[in-house]
Amino acid sequence: MAKTVVMDHPLIQHKIGIIRKEETGTKDFRQLISEIAMLMTYEATRDLELEDVKIKTPICETTVKQLGGKKLAIVPILRAGLGMVDGMLAMIPSAKVGHIGLYRDPVTALPHEYYCKLPEDCDKREVFVVDPMLATGGSSVAAIQMLKDKGVKNITLMCIIAAPEGVKAMQKAHPDVDMYIGALDERLNEHKYIIPGLGDAGDRIFGTK
């Protein structure tokens with residue numbers, strides 16, 4: 001079974017508390033989502049492989065560590081996932097970025113694909129799928145299945161707020177995928193929104209209704 005890690009870092013929890021507030025405006029919300037993604041990336045990349053490389057400092061030659069193993073890719077689930085990309089790229093600027101577009105049917109709550117564009121060598125990369133909210137889990141389950149169907153084997157899911165129902169759905173559908181979660185909330189309401197959550201992350205990031 002893959003790891004499911006709920007973040008306990010004070011800075012992450014503090015910033016999540018601010019984005020939950022109804023009065024937090026679009027500018028601050030967008031900035032905080034990016035900052036939280038940056039902090040979560042620090043934690044989620046803890047197990048990346050390192051290799052030794054010889055360099056010369058101004059004083060002498062020495063051996064230092066650099067990232068080895070597979071290259072990285074970030075794949076946001078559109079549109080809310082876009083809000084996490086800049087913060088992650090600040091930490092791993094060499095990562096390539098793909099995009100998966102899914103919308104949730106308002107009646108069935110099932111995800112439907114409308115866009116998919118990935119780096120050509122995505123199957124050779126370690127891929128971080130990102131979406132601020134893990135509610136029913138339908139979009140994440142579908143997006144990750146799309147990646148697997150294209151040969152991607154090394155996948156991690158990052159979300160800022162999750163409902164237990166979404167976590168269970170992910171663990172059932174993709175028991176091999178690690179999950180990094182900023183906060184695990186109580187439940188979904190009858191409209192499939194996370195309680196207490198923060199409302200619609202996409203609307204709050206982009207200032208739409």
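This short presentation describes the pockets, the salt bridges and one surface patch of a predicted model.

Good morning, colleagues. I shall begin with the pockets. Rolling a probe the size of a water molecule over the atoms shows where empty space is left. In this predicted model, the largest pocket has a volume of about 710 Å³. Its lining comprises 32 residues. Those that lie nearest the centre of the largest pocket are R104, D131, M133, S139 and D200. Several secondary structure elements give two or more residues to this lining: the strands β4 (72-78), β6 (99-104) and β9 (133-134), together with the helices α4 (138-149) and α6 (201-206). As to chemical class, the lining of the largest pocket has 17 nonpolar residues, nine polar ones and six charged ones.

The second largest pocket has a volume of about 300 Å³. It is lined by 16 residues, and L48, E126, N154, T156 and D178 are the closest to its centre. Which elements supply at least two residues each to the lining of the second largest pocket? They are β10 (154-162) and β11 (178-184). Strand β10 provides the largest share, namely three residues. Here the class composition reads four nonpolar, four polar and eight charged.

I turn now to charge pairing. Side chains of opposite charge can pair when their charged atoms come close. Over the whole structure, the search finds nine salt bridges, and I should like to discuss three of them.

One of these joins R79 to D203, with 2.6 Å between the closest N and O atoms. This pair links distant parts of the chain, as the two residues are 124 residues apart. R79 belongs to the loop between β4 and α3 (82-91), whereas D203 sits in helix α6. Helix α6 was named a moment ago among the elements that line the largest pocket. Are the partners buried or exposed, given the relative accessibility of D203 and the relative accessible area of R79? D203 counts as buried because its relative accessibility is 19%, and the limit for that class is under 20%. R79, at 32%, is partly exposed.

Next, the side chains of D121 and R125 meet in a salt bridge with an N to O distance of 2.9 Å. D121 has a relative accessible area of 23% and is therefore partly exposed. R125, with a relative accessibility of 5%, counts as buried.

The remaining pair for discussion is D123 and K124, whose side chains form a salt bridge at 3.8 Å, N to O. D123 is partly exposed, at 31% relative accessible area. K124 has 56% relative accessibility and so counts as exposed, the cut-off for that class being over 50%.

Let me move to the surface. Y103, Y114 and Y115 make a nonpolar surface patch of about 340 Å². Of these, Y103 is located in strand β6, an element that also gives two or more residues to the lining of the largest pocket. Y103 has a relative accessible area of 44%, which means that it is partly exposed.

I close with a residue from strand β1. T4 has its place in that strand, which covers residues 4-6. T4 is partly exposed, its relative accessible area being 32%. How far apart are the C-alpha atoms of T4 and L147? They are separated by 20 Å, and the two residues are 143 residues apart along the chain.

Thank you for your attention.

Key:
Residues numbered from 1 in each chain as written. Predicted model: local features only at pLDDT ≥ 70, side-chain atom pairs only at ≥ 80, totals over all residues. Heavy atoms only, no water. 1 Å grid on protein atoms, 1.4 Å probe; cavity = no way out; pocket = protein on both sides within 12 Å on 5 of 7 lines; lining within 4 Å. Points joined across faces, edges and corners; volume = space filled by probe spheres on them. Helix = DSSP H or I, 4+ residues; strand = E, 2+ residues; numbered from the N terminus. Nonpolar A, V, L, I, M, F, W, Y, C, P; charged D, E, K, R; others polar. Salt bridge = Lys/Arg side-chain N within 4 Å of Asp/Glu carboxyl O. Buried < 20%, exposed > 50% of the residue type's maximum accessible area, 1.4 Å probe, protein only. Patch = residues over 30% accessible without salt bridge, like charges linked within 9 Å, V, L, I, M, F, W, Y side chains within 5 Å. Areas by Shrake-Rupley, 256 points an atom, 1.4 Å probe, with all protein chains shown as cover.
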